[in-house]
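This briefing is meant for a reader who is meeting the structure for the first time. Please look over the sequence and the model, and then follow the points below, which are grouped by topic.

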Amino acid sequence: MSSPTPASYDAVIVGAGFAGIYQLYSLRKIGMTARVLEAGSGIGGTWFWNRYPGARCDVESLDYSYSFDDQLQQEWDWSERYATQPEILRYVHEVARRFDLMRDIQLNARVTEAHFNEGTGRWDVATAAGDRFTATYVIMATGCLSIPQAPKFPGLESFKGRWHHSADWPAGGVDFKGQKVGLIGTGSSGVQMAPIIAEQADHLTVFQRTANFSVPAQNEPLTPEVLAEVKRHYGERRKLALDTATGHFLIANDKSAMEVTEEERQKEFEFRWRGAGGGFRMLRAFNDLLLNKQSNEKAADFVRGKIRAIVKDPVKADLLCPKSDLPFGTKRLCVDSDYYETFNRPNVDLVDVKADPIIEVTPTGLRTKSREYQLDTIVFATGFDAMTGALTSIDVRGRDGASLRDKWEHGPRTYLGLAVAGFPNMFVLAGPGSPSVLSNMVHSIELHVDWLTTCLSRLRAEGKTTIEASQPAEDQWVAHVNEIADRTLYPTANSWYMGANVPGKPRVFMPYVAGVPAYRKIVNEVAEKGYEGFATA
Ligand code: N01
């Protein structure tokens, strides 16, 4: 139903994922009114939509959780080292219940427009349903992986079976029993799904375009003893996490991979693969894996060796080994449970669609250049228009009606990853230009929300209502983000970090790679200097 007059708030928050929820909680604490507008029919953001089989977080549950309320972290018990999607969603619901947040969250409210009104100095926000809002501040908590890449294969409409995208999965699940299933995409989503689908389906064909590196999660239940021990020292664990580059509790080795003997190197990699808990720990095995090509190649060789040892069919193993043009970890590392082992099953095939590209979907399956595959269900795990997609899909207009889409035509431009020159009182949480997806998102969200809440509170105390990033400050920040990224191996990969997975998207490294402590120091100094680089009024 359309509201005749726009509802008025101090802030409109777009998105009810981890960021939007904590922002709402924080604004309430300082006595501001806020409305959260959420496109989905439930809260949880990425954890609401990505409910494909096997979906779980690749950051450990004890770290991928809010730290702002000690009672919450003491009372919530995670059941596994890496939480599943349903468990994370239960947690988000518990947070909303505990802090009575739902009354300020509007579901099924997809924001289509956010326009800065020069006359009123406020933001006018509209949803697809025609509801209108006005607010002093608009806070984009829109997430980095919220716009799925729609499958664009000719003939899809003719397909007589079922098809699903990993990020828009049917709420009731999908039964693969007795089915011939085709899975397109071998990023984190595909890698998590393949083992589960293979167990259920008659047959699974994995269509792989680029082999990526995957490391074992070494997932396991969290025992009451482990939970009690962590909870006894939770504050310390959080503090330690704050001081790591990625904002989560990973033991980092401060040696170069090239300064140790071959034996020590293998021992360290082996420890990370198996003993130390698996997952992203592998990226911290040495301090230069993402800086030095030689060091990186050592890690890449180690993982390729593991793939060859696990996968019995040498042709499949060879195909699954990432090639030398993809440095280890420069595309997001996949964290799996039995991914490579899945290819030893007699009901699983692997097709190289780089060598034999997919031409079309047919009524009964899928045709590559050389042959046809009969399929009952096609699963697209083809990824997202990451980091910028959610923002550019909204008609955002700042001063003089300037559009954010136009401004970001050649890549995202922000000051500190938080604000955009020409778009006063608009903020972006944990998006491009900040550590974001290279860090524990929940930690980076808390950092941004706390910074922003303090900022808005201070402005109000000074009787001010406007804050806007200056153009020179934004230009300097964009140059700095690029300069730091160029010191690493990241920009060499065709990753979604670079926008390279979306045809026509500008090739720009989007997150800020210097690490969470360096970033936190910068944003805190900016605040201490009276919001240097911003104009306030
Ligand atoms: O998406 P992706 P994702 N024909 O972009 C392939 C987070 N996440 O949903 O590499 C054939 O990584 C594409 O091939 P290529 C995490 O940050 C986290 O898997 O472009 N193939 C690639 O293999 C992750 O990085 C978790 O050549 C096509 C795949 O599809 C991010 O989300 C779990 C194709 C896309 O991989 C995105 O992961 C899940 C085409 N036309 C996701 N188009 C955890 O926390 C694309 N591909 C564990």
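Aspartate 100 counts as partly exposed, at 40% relative accessibility, where buried means under 20% relative accessible area, exposed over 50% and partly exposed in between, computed with a 1.4 Å probe and with protein chains only. This is a predicted model, in which local features need pLDDT of at least 70 and side-chain atom pairs count only at pLDDT 80 or more, while totals for chains, interfaces and linings use all residues. Residues are numbered from 1 along each chain as its sequence is written, and side-chain values use heavy atoms, with hydrogens and water left out. Helices (H or I, at least four residues) and strands (E, at least two) are DSSP runs, numbered from the N terminus.

**Positive phi outside glycine**

- Aspartate 100 is found in the loop between helix 4 (85–98) and strand 3 (105–106), and it has a positive phi of about 50° although it is not a glycine.
- Most residues other than glycine have a negative phi, and most peptide bonds are trans.
- Glutamine 218, in the loop between strand 10 and helix 6 (224–232), is another residue other than glycine with a positive phi, near 55°.
- With a relative accessible area of 27%, glutamine 218 is partly exposed.

**Helix 8**

- Helix 8 (residues 262–275) has 14 residues, which at 1.5 Å a residue should span 20 Å, and the distance of 19 Å between its end C-alpha atoms agrees with this; the expected span is 1.5 Å times one less than the number of residues.
- The buried residues of helix 8 are Arg265, Glu268, Phe269, Arg272 and Trp273.
- Seen down the axis of helix 8, these buried residues fall within an arc of 130°, so they line one face of the helix, the arc being that of the directions from the helix axis to the C-beta atoms.
- Strand 10 (214–216) and helix 9 (293–310) are what the buried residues of helix 8 pack against, with contact meaning heavy atoms within 4.5 Å.
- On the face of helix 8 turned away from its buried side are the exposed residues Glu263, Lys267, Arg274 and Gly275.
- Glycine 277, just after helix 8, takes a positive phi of about 115°.

**Helix 16**

- For the 13 residues of helix 16 (residues 516–528), the expected span at 1.5 Å a residue is 18 Å, and the end C-alpha atoms are 18 Å apart, which agrees.
- Val516, Tyr519, Arg520, Val523, Val526 and Ala527 are the buried residues of helix 16.
- Those buried residues cover an arc of only 125° around the axis, which puts them on the same side of helix 16.
- The cover over the buried residues of helix 16 includes helix 7 (234–242), helix 14 (441–461), helix 15 (471–486) and strand 20 (534–536).
- Exposed residues Lys521 and Glu528 are carried by the face of helix 16 turned away from its buried side.
- Just after helix 16, glycine 530 has a positive phi of about 70°.

**Around the ligand**

- There are 22 residues around the ligand, and Ser189, Thr210, Lys331, Arg332 and Trp496 come nearest; a residue is near a molecule or strand if one of its heavy atoms lies within 4 Å of it.
- Helix 5 (residues 188–200) gives the largest share of the shell around the ligand, 3 residues.
- An oxygen atom of the ligand is 2.5 Å from an N or O atom in the side chain of threonine 210, and an oxygen atom of the ligand is 2.9 Å from a polar backbone atom of threonine 186.
- A polar backbone atom of alanine 381 is 3.2 Å from an oxygen atom of the ligand.
- Taken alone the ligand exposes 910 Å², and the protein buries 86% of that, with accessible areas coming from the Shrake-Rupley method with a 1.4 Å probe.

**Two acidic residues in loops**

- Glutamate 38, in the loop between strand 2 (34–37) and helix 2 (46–49), is buried, with a relative accessible area of 6%.
- Beyond its neighbours within four places in sequence, glutamate 38 is in contact with residues including Gly15, Ala16, Trp49 and Arg110.
- A polar atom of the side chain of glutamate 38 lies 2.7 Å from the backbone nitrogen of alanine 16.
- Aspartate 325, in the loop between helix 10 (314–320) and strand 11 (334–336), is exposed, with a relative accessible area of 62%.
- The C-alpha atoms of aspartate 325 and threonine 492 are separated by 8.3 Å, although the two are 167 residues apart along the chain.

Terms used: Polar contact = N/O pair within 3.5 Å; in protein donor to acceptor, adjacent residues only side chain to side chain.
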